[in-house]
Amino acid sequence: MAEPISGTDSEARELDDVQFRFREDEMVDHPAVTVDAFVGQTNASAVRIEPGDDARDLLPHLGRIALVEVNFPSFGDGRGYSAARILREAGYQGELRAVGDVLIDQLSHMRRCGFDSFAPGVRLDEEDAARAFATWPEVYQAAVDGRAPIWTLRHGERNGDTNG
Amino acid sequence: MKILTGSDLKSGAVVWWDGSSWSLHVEDACDVGEDAASIAAREEAERRVVVPYAIEATTDAQGRVRPAHIKDRIRALGPTVRADLTLRPADPEAGTWVI
Amino acid sequence: MYQYDRYDQQMVDARVAEFRDQVRRRLDGKLTEDQFKPLRLMNGLYLQLHAYMLRVAVPYGTLNSTQMHMLGTIADKYDRGYGHFTTRQNIQYNWIKLEDAPDILAELSTVEMHAIQTSGNCIRNISADHFAGAAADEVADPRPYAELMRQWSSFHPEFSYLPRKFKIAVIASETDRAAMRLHDIGIRIHKNDAGELGAAFYVGGGMGRTPMISHLVREWVPLDRLITYAEACLRVYNRYGRRDNKYKARIKILLHEIGAEDYAAQVDAEYQQLLDQGVEPPFAELQRIRTFFADPPFVEGLSDGVDQSDPAFAAWVQQNTHLHRVHGYTSATISLKPVGGIPGDATAAQIHLMADLAKEFSFDECRVTHAQNIVLPHVEQRRLYELWQRLDTAGLATANLDNIGDIIACPGLDYCSLANARAIPLAQKISQRFSDNGKDAVIGELKLKISGCINACGHHHAGHIGVLGVDRKGRENYQLLLGGSEGADTSLGKITGPGFDEDGVVDAIEKTTEVYLAQRQDGERFLDTYRRIGMEPFKEALYG
Ligand code: HEM
Ligand code: SF4
């Protein structure tokens, strides 16, 4: 299926289309492959998760992944939020990019689920997006963005675990 | 005939296409023929209406427009259980018009 | 009652600001209706038959008088002077303007209220036993757990785009007064032999077009693992619930397809994994919340007993009061089902009055019940007569709780764009008929529930008698169901046979009650008789 010209094309597009990125390291310069393709080979370092994929299939390989793209073909399909959190919970440190039908009003939740870069299918208004990222002054629940939930702040503990 | 209805974006009020703008009264609805989709698309894009859709209608003995389906007749009138809140609060016939 | 601290207030304020911005972007054309719809739904705003409709959350059904007054004020200021209390203990306004919605939410936020997650494919407002904190048979007040879950589920980053809506109910007694088994998750707080409290999780109940009773997936979740376990339940659903067909997207279908055991095993695996993630709140938080639900200052040493020499009052006491766990007190239910009235509707004036009464008679507290009535949970028995007189003057003393006149009805085709048939006029005719013929009281407990379409907002599957509105060649038509129940003995009703038109179904219901009256044995409720004799005698009478 690979077509060199459009491959180069899509590579260029991909880099350009990352509209928001919350990390300093270099961007991966090759396109992401499917989960199936990724698990079956050893040299790719970028993988793309579709809604029906099981993010846990990637867990044995986290060490060699630099970029995971999570595709949202339609913003109403929320499986990608679980996929992202599962990867972060398992200790994945690389780039986690939301791509596809990524809209203003989903940004704050995506960020909380561990996404640190965003490549919306349609470019977003910068001001609206800035406001959206800053929606929550505090947060009610623990996620994977490192923010201490309100109930932890109330009781002056650093993490939510109680052991009892 | 085919008439076009929808809701006013800001107020949510039920509205009917009268040929040049949106009316609260079903009596004003005009036959849109084959133009429903294009009018709906334009008006929705202009944000004058939300969820527009075309329906079948007839005219009753008095020549008043009458939507073919009971749901649209109730939309045209208002809740049958609160005559005071309908568009025809003083009309004792309003309830039977719906059925 | 729970009170916001600055964090809770900040969060609700942030939501108001966010929604104001979303409305602005919608009106500016930056959001299409398709994009805006899920956002407005997550703030309780529907587009209905006649206008926008706003559903305001009443977490676990509990309100203080200030909040209740605000509900009345909103009815007057932004709506047409009334509101509709729903089976999920919320209130709906039918005539809201989109432009006003952010201001309404801002006003609500001044009294610690909101419309957050009262619709949309997210975790909805959490309901609870309406006699919580008052019922003699509870092992604990279920509301602290509901409040903890309210916080956890609010703006949950992972679970805001679930396959479908998600409803949770919490109870803490054997008797289920919250239709717990018909929720996506039902939680029953109970005590083990050592006297400790834990939570039983029932998953996969629901009504709608495929009604199902939930499965017990875990008998005992320690209270300091409640959130972790709930998170696991939701994650499995978010990942594997069906998204290809919205009618098969509720969690009940997932459990039905993979089996409750398989689901429980997957939840367990997820739970084990989540235990290391620190998602559980500190136990101190649960304790903090509990202090808000401590007993009000009950007068001690009161004795039980009410002078019932006034027969109208006596009828109301017998019908509309519920055993309180403190001597000398009772829980009084204000029926929003006047004979011939609209079930669940209350005018602004009535709402204000009920707020005043909550303040004067019930330690500033009232409750919304899933049967669309209002409860004053802690009334001194010696002041009951005075309360009743006040209610009676305002037309709010109908003594028909749990009787055939205490009908649950959804808005139906008078207000709802999904409806096939009207539900309210039917309820009005039925309550009028059984009041006129004097049979309401003779029949005793009979829960009648009407939905205007298969979505079952009126709980028709769970009615001793249920009525479902259908569209028959463009005419309203009604199917009759018998034998449903939503208590501890939850069961789903069965359809009697061909449907009826509006007058026909009222007659059919009367015939059904005649069969019951002829066949009942000592003390049997309609439901008991039905269960003993089965469907046949009723069919015979209806179609024979
Ligand atoms: C008028 C606007 C309303 C709309 C558009 C609406 C829509 C719906 C829909 C589509 C369902 C089925 C969901 C599913 O099975 O996945 C449903 C279920 C339900 N609704 Fe409504 N509803 C409305 C009003 C109400 C009201 C007024 C009440 C309370 C009286 C209510 C209470 C419920 C309940 C209890 C269920 C059943 C939950 C379940 O399936 O487990 N709804 N509603
Ligand atoms: S049961 Fe149907 S008609 Fe009634 S409120 Fe629900 S969706 Fe509307």
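Which protein donor does the iron atom of ligand 1 have?

**View 1. The iron atom of ligand 1 in the predicted model.** The only protein donor is C:Cys457, through SG, at 2.1 Å from the iron atom. C:Cys457 lies in a loop of chain C, between strand 17 (448–451) and strand 18 (465–472).

**View 2. The residues around ligand 2.** C:Cys457 also belongs to the surroundings of ligand 2. Other cysteines there include C:Cys410, C:Cys416 and C:Cys453. Among the remaining neighbours are C:Pro411, C:Gly412, C:Leu418, C:Ala419, C:Ser451 and C:Asn455. By class, the shell around ligand 2 has eight nonpolar residues, four polar ones and no charged ones.

**View 3. Contacts among the chains.** Two pairs of chains are in contact, and chains A and C share the most contacts. Chain A and chain B do not touch, with 18 Å between their nearest C-alpha atoms.

**View 4. The interface of chain C and chain B.** Here 32 residues of chain C contact 24 residues of chain B. About 2,300 Å² is buried between the two chains, 60% of it on carbon and sulfur atoms. C:Leu49, C:His50 and C:Arg422 supply 21% of the area that chain C buries against chain B, more than any other three residues.

**View 5. Polar contacts and the chain C side of this interface.** Zero salt bridges are found across the interface of chain C and chain B, whereas eleven residue pairs are in polar contact. Helix 1 (6–27), strand 5 (91–96), helix 13 (424–436) and strand 19 (475–482) of chain C each supply at least two residues of the side touching chain B. Helix 13 of chain C gives the largest share, three residues. That side of chain C comprises 16 nonpolar, five polar and eleven charged residues.

Key
Residues are numbered from 1 along each chain as its sequence is written. Chains are lettered from A and ligands numbered from 1 in the order in which they are written. This is a predicted model: local features need pLDDT of at least 70, side-chain atom pairs count only at pLDDT 80 or more; totals for chains, interfaces and linings use all residues. Side-chain values use heavy atoms; hydrogens and water are left out. Donors are N, O and S atoms within 2.8 Å of the metal (3.2 Å for Na, K and Ca); water is not among the atoms, so sites may look incomplete. Helices (H or I, at least four residues) and strands (E, at least two) are DSSP runs, numbered from the N terminus. A residue is near a molecule or strand if one of its heavy atoms lies within 4 Å of it. Ala, Val, Leu, Ile, Met, Phe, Trp, Tyr, Cys and Pro count as nonpolar, Asp, Glu, Lys and Arg as charged, and the others, Gly among them, as polar. Contact means heavy atoms within 4.5 Å. Buried area is the accessible area (1.4 Å probe) that two parts lose on being put together, summed over both. A salt bridge is a side-chain nitrogen of Lys or Arg within 4 Å of a carboxyl oxygen of Asp or Glu. A polar contact is a pair of N or O atoms within 3.5 Å; within protein, one must be able to donate a hydrogen and the other to accept it, and residues adjacent in sequence count only if both atoms are side-chain atoms.
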